[in-house]
Amino acid sequence: MSQKHILIQGAARGLGLALVKRLLADQQTVITATAREPQASQALVALRDDYGESRLHLQPLDITDEDSLIDARRTLGQRHERLDLMMTCAGLLHDDRGLWPEKRLADIEPANLARSFAVNATGPILMIKHFHDLMTHGERAIIASLSARVGSISDNGYGGWYAYRAAKAAQNQFTRTASIELARRSKNLICVGLHPGTVDTNLSEPFQKNVPERQLQSADRAAGHLLGVIAKLNREHSGRVFDWAGKEITP
Ligand SMILES: NC(=O)c1ccc[n+]([C@@H]2O[C@H](COP(=O)([O-])OP(=O)(O)OC[C@H]3O[C@@H](n4cnc5c(N)ncnc54)[C@H](OP(=O)(O)O)[C@@H]3O)[C@@H](O)[C@H]2O)c1
């Protein structure tokens, strides 16, 4: 029985945590789960204690700090020679430092744009920069960065949400660009963006009242959908963005 080595970035809560729970149910998985402070997540620590260090390793990683990625890469490289799946789950829509989805041009603040870009766009491409060499082994491997439908320029009919929309559009462009370079190193390395749907997490919580109940998914359900989409990906899909139902989102 061959092991599957998996890296889940942003695993302390929300979708990342739900993905770790689902992936652990498969006996073949060996998971590295990262968060800024993984030991502060009771849920993650409890999973590590239940499944053991050999199945679930917790690794600190701040996606906005490149030295932290370099440390994480070094540690992972000492434990494993390869990765089969990497999922980057970091996302930032609002924070307690004044970042909030902008309704109008007057709401745009350069510092907020910079924070949004650091987490939603720069972070995911830095993950690919530092971990792709563990994934060019020639066998099927997947890099999936969680994106959002609102990052689609052609689908933008409502306006607003400047920072998040633009940062996710930039993330999608990074994914596409990396997929072209990586295809030259391994035809079986597939690099995609995934939109999880509207999911009941901290990120969506302030906006849920406008979402019809049947459209709001639990993190566990959304994680199941995303893993289903990943299972069906082939090399023709690399560089593209798909929603939780497997439908392509146009750039
Ligand atoms: N929920 C939705 O309805 C929805 C819809 C469309 C797209 N998405 C996307 O899905 C992804 C997961 O979001 P979620 O709903 O699970 O949100 P969440 O519960 O708010 O989780 C946000 C995640 O981002 C991580 N993060 C934020 N800043 C970070 C940093 N500097 N370094 C490392 N990690 C950082 C957090 O890690 P820490 O625990 O370390 O803070 C956490 O894992 C995001 O990319 C989001 O844009 C979500």
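**Warm-up.** Across which strands does helix H5 (residues 162–183) lie, and at about what angle does it run to E6?

Solution. H5 lies across E5, strand E6 (189–195) and strand E9 (241–243). Its direction is at about 170 degrees to E6, with axes taken as lines fitted to C-alpha atoms, for helices over the stretch in contact, and angles running from 0 to 180 degrees between N-to-C directions. Helices (H or I, at least four residues) and strands (E, at least two) are DSSP runs, numbered from the N terminus.

Some ground rules before we go on. You're looking at a predicted model, where local features need pLDDT of at least 70, side-chain atom pairs count only at pLDDT 80 or more, and totals for chains, interfaces and linings use all residues. Residue numbers start from 1 along each chain as its sequence is written.

**Exercise 1. Lay out the sheet and find its edges.**

Step 1: get the order. Eight strands form an open sheet, E3-E2-E1-E4-E5-E6-E9-E10, and the pairing is mixed. Two strands count as paired if DSSP finds at least two bridges between them.

Step 2: look for strands that pair on one side only. Those are strand E3 (56–60) and strand E10 (248–249), the edge strands.

Step 3: walk inwards from E3. E2 pairs with E3 in the parallel sense over five bridges; along the way, Thr32 stands opposite His57 and Ala35 has Pro60 as its bridge partner. Next, E1 and E2 are parallel over six bridges, with Gln9 opposite Thr34.

Step 4: check the handedness of the connections. Both the E1, H1, E2 unit and the E2, H2, E3 unit are right-handed β-α-β units. Right-handed here says that, with the strands pointing away from the viewer, the path from the first strand over the helix to the second runs clockwise.

**Exercise 2. Describe the surroundings of strand E4 (residues 85–88).**

Step 1: start with its partners. Four bridges join E4 to strand E1 (residues 4–9), running parallel, and four join E4 to strand E5 (residues 141–146), also parallel.

Step 2: pick out Met86. Its bridge partner in E1 is Leu7, and in E5 its partner is Ile143.

Step 3: follow the chain onwards. From E4 the chain goes through helix H4 (residues 110–131) to E5, a right-handed β-α-β crossover. H4 lies across E1, E4 and E5, at about 155 degrees to E4.

Step 4: check the two faces. Leu85 and Met87 on one side, and Met86 and Thr88 on the other, are all buried, which leaves both faces covered. A residue is buried if 20 or more other C-beta atoms, placed from the backbone, lie within 10 Å of its own, exposed if 12 or fewer, and partly exposed in between.

**Exercise 3. Place Thr29 in its strand and say why it is classed as partly exposed.**

Step 1: find it. Thr29 sits in strand E2 (residues 29–35).

Step 2: look at the strand. E2 is largely enclosed by the rest of the structure, because five of its seven residues are buried.

Step 3: count for Thr29. It has 19 other C-beta atoms within 10 Å, so it is partly exposed.

Step 4: list the company. Beyond neighbours within four places in sequence, Thr29 is in contact (C-beta atoms, placed from the backbone, within 7 Å) with Lys4, Ile6, Leu23 and Leu24. Its C-alpha atom is 9.9 Å from that of Ser54, 25 residues apart along the chain.

**Exercise 4. Classify how helix H1 (residues 14–24) packs on H2 and on H6.**

Step 1: take helix H2 (residues 42–51). The H1 and H2 axes come within 11 Å and cross at roughly 15 degrees. That makes the two roughly parallel; the cut-offs are under 35 degrees for roughly parallel, over 145 for roughly antiparallel, 65 to 115 for roughly perpendicular, and the rest oblique.

Step 2: add the hand. H1 passes H2 in a left-handed crossing, the near helix being turned anticlockwise from the far one by less than a right angle (clockwise would be right-handed). Leu17, Val20, Lys21 and Leu24 of H1 meet Ala43, Leu44, Leu47 and Tyr51 of H2.

Step 3: turn to helix H6 (residues 219–231). Its axis and that of H1 come within 8 Å and cross at roughly 65 degrees, so H1 and H6 are roughly perpendicular. This crossing is right-handed.

Terms used: Contact = placed C-beta atoms within 7 Å.
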